[in-house]
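Subject: Structure for your files

Hello,

Here is the structure I said I would pass on. My notes follow below it.

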Amino acid sequence: MNLHEYQARDILRQHGIPMPEGAVAATPAEVKAIARQLGGTVVIKAQVHAGGRGKAGGVKLAKNPAEAEQLASKILGMQIKGLTVEKVLVVPAADIASESYVGFIVDRATQRPVLMVSAAGGVDIEEVASLTPEKIHRLAVDPRYGLLPHQAQGLAFHLYQDVAQVRQAADLMQKLYEVVYAVGASLAEINPLVTTPDGKVQALDAKIVVDDNELGRHPDIAALRDASSEAPSEVQAREAGLTFIKLDGSVGCCVNGAGLAMATMDLVKYYGGEPANFLDIGGSSNPQKVVNALKIITADPNVKAILFNIFGGITRCDDVANGIVQATSAFPLTVPMVIRLTGTNEKEAMEILTKAGYSAGTDMDDAVKAAVAQAKGRAA
Amino acid sequence: MSIFINKDTRLLVQGITGRDGSFHSKQMMAYGTQVVAGVTPGKGGQRFEEKVPVFNTVAEAVATAKPNTTVIYVPAALAASAVFEAADAGIPLIICITEGLPVLDLTKVMPYVRERGLRLIGPNCPGLISPGQSKVGIIPGNICTPGRIGVVSRSGTLTYEIIHQLTGNGFGQSSCVGIGGDPIIGTNFIDCLQAFERDPATDAIVMIGEIGGTDEQQAAEFVKAKVKKPVVGFIAGQTAPPGRRMGHAGAIISGASGTAADKMKALSDSGISVMKRPADVVPLLKERM
C-alpha cells in the first residue's frame, strides 16, 4: 500500500526526522489559510499516487496567500495520470544548498533491509541507478543489530564533508530505519534530503510503501488507505477477498492461483486476445467468492467474453460450479462464458454445470482459444 | 531417490488441529507420508485421527517423536514464530505453507535458520512431493506420478497445471518443489537446481518462474555454469502491467527489472528451452531428452 506524501511526512516527523512545517488541505480556502500561517512563498503539491507530479502541473510555487488560493483551485480536482487530485500539501518554499537521496528497500537478494544513499538527489533515483550506478552507495543492514552508528556515519560521509552535517544525516538515517520496522515498510525514502543555507539537514519529500502483509498488525497504518486513488472495481474486489487488477482487454479472466492467473492472461495474449483483468479467487473458494468475482468482471463494459480457468487443489471445482450457477441465476450474463475446470471434484462440477445448461472443458488451451474467439466474435 | 523428502521422511505438523492443518494432514497421511507428530499449544496429549500424538511444543515433539521435517500451517500472524520454534528445535527441513507473512519478519527468520544450518522452504508455498514416497504440503497427490523429471516453481496452481501435462504425457516426476511466491524465501531456484543436478533419479528439470526480482536470471547463470541435465523453463506474467503486485507478494515489476521478457531471454541465453505456454513443456522435454 502506498502512502501519500503528507501521510509519510507525518510518520517521519513523529519519529523525530526534521522536516519543514506544512499542512494538507482539500479546498482552496484551506490552502490560503495555511499559506498565510506559514508566511512567505509556499509550494503547493498535489497528493496523488503518481510519479512526475511536477511535470504534470501538480506542483506550483505561490508568492502570497491569494496566489496560493488561486493556484490550489487549479490543482485540486485536476487529473494526473488518470487520478483526481483530492488533496494538496502546502509547505514553505525551501532555500536549498544541496540535494541528496536516502532510502531503505527490503532487498530480495541479500534478504535484508538495504540502505541506499546518493549525493545525486532530487531526481528519479531509478534513473540514477541505471545511468550512474556508481553514484549510489548501499549497505545491507543486519536486522538483529539494526543500523549501527558507524555504518550510518560511513554512508553519510558520501553525502557531506562537514562533520556536523554528517552527524545530522547519520542520526536521520537511524531514525528512518526505525520507521521501516515501526510501520512495516517495504520502501521508505527521502528524496530530496536537503541542506539549508544555515547548514541544517532536512527531509523535503518522503515516500513510504507499506507491505500489505503488515496491515493486519498495523491498523493505524491500514486506516490511512485512500480508496479514492484506486479503481472502484479493485476496492470492491479487495473487500470481497479477491485479488483483482483491471486491464484494458476484452477477455474477463477468473482463475484460482496467482501464477495460473498470470499464465492464463499470457495464453489469452498468445492466442491473439487481450485480458480484461487479473483475478485470483484464492485457495479455499466458496461459491460466494465466485459470485463476487463474476459481479466485478461483468461490471466492466469492455468484457466481451468470460473465461474460467480452475485447477482444483484446495479449491474444489464443485464450489466454483455452484458459484457460477448462483451468480448467473441472480444476474443473467450478457456475454458468452467459457469454463475450464479440472482437479478436485471435477466430476461433481461437470454435473452441476450440465444440469444448469452450461458446458465445460478440461483443457486450458482449448478454453482460452474459445474465449478469445467469442470475445472477437462479439467485437466484430 | 528424490530431493529433500523421500519414504524415510518423518514429518511433524505445526498447527495439526487447525482447519487447514487437519485437512492436509489427513491428505498427507492418505498419501503415505509418515506423519509422526503434531503441535498445537494447549492440545498436548491428544491424538490426531486417533493415531498421531499431539504436543504443546516443538521441542517436546522432537524429543519424543524424532521428526526430521516439519510443515507449518499456522495463521500468518503466528507463522514466523513457528519457524523460529522449529529452528530452535534443530529440525533440518522446515516447510512453511502459510501465506501473508510480513517480509520484514523474514529478514529476521532467515539469518536464524541459516546460522543453524537448516533449510526453510517457503513461506507462501504449496510444499513439495516426491511421488510414490512422501508428500509434504498441499500439492494434490493424484496429479503426480513417480518418474524422472524434477519440477521447481514459484507458483501453486500453475505448477499443478504443468505437472498435469507431464503426468498425462508419460513424464513422471522425481520431486516437485514449490518454493513460494514471496520476495524473501528460504530455498531458491539455485538450491533446487543443484539438488536435482546431483540426484541420480532425476534426468531433466522443469523450472517455473514469474515476474519480479532476478532469481530466474541468477538461476539461468547457474544452469549455464553448473547444470548438465536438460532444463525447460516457463515464466508467468508476460502480460503483467508494471508496478502492480500480481497476487503473489513477490510478483511485481519494478522499474526495468523483473519483466518476463528479461527472464525469458536470460533463460534462453543460458541454454534453457523456454516454453511460450504451459502445454509446450512436453514437446520441449521430448526435444531435449
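I will start with a strand pairing in chain A: A:Val102 has A:Ile190, in strand 10 of chain A, as its bridge partner. Please keep in mind throughout that this is a predicted model.

That pair belongs to a longer ladder. Strand 7 of chain A, residues 98-107, and strand 10 of chain A, residues 185-195, run antiparallel and are joined by 7 bridges. Strand 7 of chain A is also joined to strand 8 of chain A, residues 112-118, again antiparallel and by 7 bridges. In this second pairing, A:Val106 stands opposite A:Pro113 of strand 8. Strands 7 and 8 of chain A form a hairpin with 4 residues between the strands, and there A:Gln111 takes a positive phi near 60°.

Elsewhere in chain A, I looked at one helix residue. A:Val179 sits in helix 6 of chain A, which covers residues 163-183. Is A:Val179 buried or exposed? A:Val179 has 21 C-beta neighbours inside 10 Å, and a residue with 20 or more counts as buried, so A:Val179 is buried. Leaving aside residues up to four places away in sequence, A:Val179 touches A:Ile11, A:Leu12, A:His15, A:Ala185 and A:Ala188. One of these, A:Leu12, is 167 residues away along the chain, yet the C-alpha atoms of A:Leu12 and A:Val179 are separated by 7.1 Å.

Now chain B. Chain B has 9 helices and 14 strands. The C-alpha trace of chain B spans about 55 × 40 × 30 Å along its principal axes. The radius of gyration of chain B is 18 Å; a compact globule of 289 residues would have a value near 19 Å, so the two agree. Of the 289 residues of chain B, 57% count as buried. Among contacts in chain B with a separation of 6 or more, 72% are between residues 24 or more positions apart.

Chain B is divided into two domains, domain 1 (10-121) and domain 2 (139-288). The C-alpha centres of these domains of chain B lie 26 Å apart. Each domain of chain B gives 9 residues to the contact between them. On the domain 1 side, helix 4 (103-114) and strand 7 (119-121) of chain B are the elements that give two or more residues. Helix 4 of chain B gives the most to that side, with 5 residues. By class, the domain 1 side of chain B has 7 nonpolar, 1 polar and 1 charged residues.

Last, the contact between the chains. How many residues does each chain bring to the contact? Chain B brings 44 residues and chain A brings 43 residues. On the chain B side, helix 3 (76-88), helix 4 and helix 5 (157-168) of chain B each supply at least two residues. Helix 4 of chain B gives the most to this side, with 7 residues. The residues on the chain B side divide into 24 nonpolar, 13 polar and 7 charged.

One element to look at when you open the file is helix 4 of chain B. Helix 4 gives the most to the side of domain 1 that touches domain 2, and helix 4 also gives the most to the side of chain B that touches chain A.

Regards

Key: Residues numbered from 1 in each chain as written. Chains lettered and ligands numbered in written order. Predicted model: local features only at pLDDT ≥ 70, side-chain atom pairs only at ≥ 80, totals over all residues. Domains from an automatic or database assignment. Contact = placed C-beta atoms within 7 Å. Nonpolar A, V, L, I, M, F, W, Y, C, P; charged D, E, K, R; others polar. Rg over C-alpha atoms; globule rule 2.2 N^0.38 Å. Buried ≥ 20, exposed ≤ 12 C-beta atoms within 10 Å, placed from the backbone. Pairing = 2+ DSSP bridges.
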